[in-house]
Amino acid sequence: MMSGRLLALLQTHAVRRSLQHICSARLSSLRGQNENITTAFCQPGSCFNKSDDHRQRAWPPFLAGHSRGRRFFSLTPAGIVNAAPESVQPYLRLMRLDKPIGTWLLYLPCTWSIGLAADPGCLPDLRMLALFGVGALLMRGAGCTINDMWDKDFDKKVSRTATRPIASGEITSFQALVFLGGQLSLALGVLLCLNYYSIALGAASLSLVVTYPLMKRITYWPQFVLGLTFNWGALLGWSAVKGSCDWSVCLPLYVSGVMWTLIYDTIYAHQDKDDDLKVGVKSTALRFQENTKLWLSGFTGAMLSGLVLAGANADQTLPYYCAVCAVAIQLAHQIYTVDINRPEDCWEKFASNRNLGLLLFLGIVTGNLWKKRNDHQYETQLNSISN
């Protein structure tokens, strides 16, 4: 009897309208919550925009390349890695394929050098840009593999690095060594596409690649050694195009790149300074401490001086110097506004250097196109080649 009366009550028009109103309100609430979550992940400074290991795990499934056990393709670096077979993913993360900023910072000095070496009025050699892009990806991956092999015991003690494949046990040291051999073999294949001078010059950088991870145990200046390593392409790019280095251009460009690395990697190191103190490793962030901005200002002055000298010796034109001025403004903004005690801000300033490097490359290309080719000199070169 009671159930029959309840059924009759639920069938009345007023109750049906009340239920519809309640359901509609609840659905709207849930939809708003989902939109807020999506917006939060897409905001600058959110987990979606960070590359640290513990932040990567916070990506929502539809952005990370998988959804409740179903993987689908995503064009984000992390999405590409997550869409790969599970057995391959640890190796892709070992070479930091999901964090491409390091590859960019290795590749950009190569592009500067290749751009400066181009003939007046011409675009850079696209084949060389492609070769060096592949080489940067492989060598950055090899460098990360070597770093993680050296630092596996340190990485286990730091929350940001504890999930790295070797530290977490996903990949053994022997497997990492075999993988390293494969990366270096492929990188050698790229190097062998260059001239003999460049092959010898490129091979000379391997000692820096192997020893850099040890420097944080020895000196407070590991960022300087990283700069020597990461900017080798400033020498190699020119020699790959021209057959040898013009030291009046290559050397100041190389020094500028080293100063640039000291700037961005010191900012990056401030993210980890507390953990570095705990595990006993060194960095320029610990060396400079509260004087960091003063040191970075000095590095900026040296970098800009080197860029002006390299441009003058390469007969660069107005667009190049406009780009150098824009680089100076961007660096001044980085240094003035960075909060060295806030890791999120240090990461944002560090990552912005990719755009800085691209801006300088654009200035080099535009400045080179601005030049007028000396047709008589060009004909003389062609005649000498043909003879």
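**Figure 1. Surface and overall make-up of the predicted chain.** About 19,700 Å² of the chain is exposed, and carbon and sulfur atoms supply 64% of that area. The model is predicted. Its chain holds 24 helices and 2 strands. Of its 387 residues, 47% count as buried. Contacts between residues at least 6 apart in sequence were also sorted by separation: 68% of them join residues at least 24 apart.

**Figure 2. The largest nonpolar core.** This core has 70 residues. Trp112, Phe132, Trp260, Met303 and Leu360 touch the most other members. Helix H17 gives the core its largest share, 12 residues. Trp112 is shown with its contacts beyond four places in sequence: Leu253, Trp260, Gly357, Leu360, Phe361 and Ile364.

**Figure 3. An edge-to-face pair in helix H17.** The model has 15 aromatic pairs. In one of them, the ring centres of Trp260 and Tyr264 lie 5.1 Å apart with planes at 85°, so the pair is edge-to-face. Helix H17 spans residues 247-269 and carries both rings. The two residues are 4 apart, about one turn of the helix. Trp260 and Tyr264 are both buried.

**Figure 4. A tilted pair in helix H22.** The rings of Trp347 and Phe350 have centres 5.5 Å apart and planes at 50°, so this pair is tilted. Both residues sit in helix H22, residues 343-351. They are 3 residues apart, again about one turn of the helix. Trp347 has 6% relative accessibility and therefore counts as buried. Phe350, at 6%, counts as buried too.

**Figure 5. The aromatic cluster that takes in both pairs.** Six residues are drawn: Trp112, Trp260, Tyr264, Tyr268, Trp347 and Phe350 form one aromatic cluster. Trp260 and Tyr264 come from H17. Trp347 and Phe350 come from H22. Trp112 touches Trp260.

**Figure 6. Glu344 of helix H22 and its distant partner in sequence.** Glu344 lies in helix H22. At 31% relative accessibility, Glu344 counts as partly exposed. Gln271 is 73 residues away along the chain, yet the C-alpha atoms of Glu344 and Gln271 are separated by 7.9 Å.

**Figure 7. Two charged side chains over tryptophan rings.** Lys242 lies over the face of Trp238, at 5.9 Å from the ring centre. A second case involves arginine: Arg354 lies over the face of Trp104, at 5.8 Å from the ring centre.

**Figure 8. The buried side of helix H12.** Helix H12 runs over residues 196-204. Its buried residues are Ser198, Ile199, Leu201 and Gly202. They pack against three helices: H11 (173-191), H13 (206-211) and H16 (233-242).

**Figure 9. Cysteines without disulfides.** A search of the whole structure finds 0 disulfides. The closest cysteine sulfur to that of Cys250 belongs to Cys245, at 4.2 Å, which is too far for a bond. Cys250 is buried, with a relative accessible area of 1%. For Cys322, the closest cysteine sulfur is in Cys325, at 6.3 Å, also too far for a bond. Cys322 is partly exposed, with a relative accessible area of 44%. The cut-off for a disulfide is 2.5 Å between sulfur atoms.

Methods. Residues numbered from 1 in each chain as written. Predicted model: local features only at pLDDT ≥ 70, side-chain atom pairs only at ≥ 80, totals over all residues. Heavy atoms only, no water. Phe/Tyr/Trp six-rings, centres within 6.5 Å; stacked < 30°, edge-to-face > 60°. Buried < 20%, exposed > 50% of the residue type's maximum accessible area, 1.4 Å probe, protein only. Lys NZ or Arg CZ within 6 Å of the ring centre and 35° of its normal. Core = buried A, V, L, I, M, F, W, Y, C linked by side-chain atoms within 4.5 Å. Contact = heavy atoms within 4.5 Å. Areas by Shrake-Rupley, 256 points an atom, 1.4 Å probe, with all protein chains shown as cover.
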